[in-house]
Number of protein chains: 2
Amino acid sequence: MSERKYNFSAGPCTLPLEVLEEAQQELVDYHGAGMSLIEMSHRGAHFQAVAGEAAALAMEIFQAPEQFSVLFIQGGATLQFAMLPMNFLHTGQQGGYVNSGAWAGGAIADGAAHGRIYTAWDGADDHYTRMPADHEIRLRDDTRYLHITTNETIGGIRFPHWPEVEVPLIGDVSSEYMARPIPWERFDLVYGGAQKNLGPSGMAVVFVRKSVLENSNRDLARYLRYDIHEAGGSMFNTPPVFPIYLFGKVLKWMKKQGGLAVMERRAAEKSGALYHAIEQSGGYYNCPVERACRSHMNVVFRLPSEALEKKFLSECEQAGLMNLKGHRSVGGCRASIYNAMPAEGVAALVDFMAHFQAASG
Amino acid sequence: MSERKYNFSAGPCTLPLEVLEEAQQELVDYHGAGMSLIEMSHRGAHFQAVAGEAAALAMEIFQAPEQFSVLFIQGGATLQFAMLPMNFLHTGQQGGYVNSGAWAGGAIADGAAHGRIYTAWDGADDHYTRMPADHEIRLRDDTRYLHITTNETIGGIRFPHWPEVEVPLIGDVSSEYMARPIPWERFDLVYGGAQKNLGPSGMAVVFVRKSVLENSNRDLARYLRYDIHEAGGSMFNTPPVFPIYLFGKVLKWMKKQGGLAVMERRAAEKSGALYHAIEQSGGYYNCPVERACRSHMNVVFRLPSEALEKKFLSECEQAGLMNLKGHRSVGGCRASIYNAMPAEGVAALVDFMAHFQAASG
């Protein structure tokens, strides 16, 4: 076995080592059953226990009130972009969207194919380097919900405070899932892809306020209906067994670490150390994001030239600091430091950044 | 490690042991990369190689002509039920469906929410114990495609021959995927959930004729569009990494075993042994399915009473023959004997059936 690297990938991304080791141990013969969990019927006792525990832990750790249900739906956050207007916009209603960057843009483009939606605030003029203040968000009449992307994985921005508006919020929290508490009373639905803070790729985890399912649209295929997923306990059809199983293990790890408050504090410390290193570099490293809106999960930064960025990324990999390249649409560097990234990984990156700057000076 | 059981589950279901053992070996540290494959970016070299090899092997083993592309789409066969009419039915067109049982019924109900569809043949009068002859299938004008469920997992029936009609076929082959050759020239699209012959749950594998994507519907969210999945090589968004990875390993196993012809022969032998045992039991075991339409994958049978069935199932489990209970909607017994079920498992079941009958006589 080779030495474990520090993996700053934006997703799929680093997972807790003990989760991987436990899954490895159990993969061929699950708890002495004479078969793997991934070979078992999803309606059998073993997987029912796994999925039930994962759902209960998700509610507990994310501090979701009992008015919500948690659902596991395949298709990632991207399928949710379609399902939201399909389920929630009735004739005469529209959905407002905050356009905060690449992922919000996807939610808007996909949503527009299945409902009447509009942009309630657009960050394009600021090159998506900040989030709006509440008074900048312009809601139209008959707005059913305001959709926000609470953290933009590519732009490296997040809402520093939760918007307080006159309609329910729907939040894509993909890249900061279970990294800070949510003001549940303002939300009708919270969703995100699992493949960042929650486990491997292959599903979205959706928290939905149960009361809004009472009059959600019914003239849809079953897979596209939240009420059907909810009534079936996410098992009206065959669920994504392995992602749910790993999700449960990640949740147990989070609970053992101390839960949401500890995740939030660690994220502030890890991102704080990186932003501090950037600030202290005298402009050698530069983060374009407005200070108050800087993400605690995805730290984006530039070097003085693309040539230096290329050299930096190459030498990082030699030093075991992997996948620091920015998204192909924006370039530069990005350190994704999700819940499972140890503080030691961030410290190693901070050290390397100082070393690289000194060596190139 | 406990002794490996024979698992007759209808899906998720038994997988080749060597596939599980290889995946276990690689789970924490993939090929010396210092991280797990499920932690890696799907756009990185490791996973690109894994997915590319899986797609190429899928085309090769299933003998798909180059006019087709293979896609990996989350949501199982069930999401496909919605996507088919969404993508392929234009105004004025309709889809014909053969109603052969539970799964066809799902395709019809879900499809009707997103397009104009009708039942071209209905097996209800025969209690879904057979498939139609070609002349029984009634196509209407403006029919874009005929949808068939080539093997009904719950009813235990399959098409003994492939329908030859005047419109393109779309086939749900979930429960007999890569278990017999397909007459590709008759099909526009072939699909199925992975969690039977192909690997763990978490995606559908879709073979689509590329030319039909040129004028498929575009006014849909990206996740619901086949052309978008095809153009992005099934990676326009984060794909289901672990299911694709295991699928590739299952395909390698199939190739090593001898490929499709060997799978087809073994399925005939294994199901033949079971149906023979049923026939030889003098009516103690009874299969309700018309002989020519009996599935080679899902062998359904009844015992003289529900009490005996309960005893039979319970004693089977004690003998290491697991998950033989029929679907909850129909009761009875069902032996799902997918590609990865060894002949020894079927032989053990045949022996046990004789033993049980003798002991109860």
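How much area is buried between chain A and chain B, and what share of that area do carbon and sulfur atoms give? In this predicted model, local features need pLDDT of at least 70 and side-chain atom pairs count only at pLDDT 80 or more, whereas totals for chains, interfaces and linings use all residues. Residues are numbered from 1 along each chain as its sequence is written, chains are lettered from A in the order in which they are written, and side-chain values use heavy atoms, with hydrogens and water left out.

The buried area (accessible area, 1.4 Å probe, lost on putting two parts together and summed over both) is about 5000 Å², and carbon and sulfur atoms give 59% of it. Contact (heavy atoms within 4.5 Å) links 66 residues of chain A with 66 residues of chain B.

Chain A superposes on chain B (least squares on C-alpha atoms of residues with pLDDT of at least 70 in both) through a rotation of 180° with 0.0 Å of shift along its axis, at an RMSD of 0.0 Å. This is the relation of a two-fold axis. Both copies use the same surface, as 100% of the contact residues of chain A recur in chain B.

The rule finds 4 salt bridges (side-chain nitrogen of Lys or Arg within 4 Å of a carboxyl oxygen of Asp or Glu) across this interface. In a salt bridge between the side chains of Arg222(A) and Asp110(B), the N to O distance is 2.7 Å. Helices and strands being DSSP runs (H or I, at least four residues; E, at least two; numbered from the N terminus), the elements giving two or more residues to the side of chain A that touches chain B are α1 (17–26), α3, α4 and α6 (241–257) of chain A.
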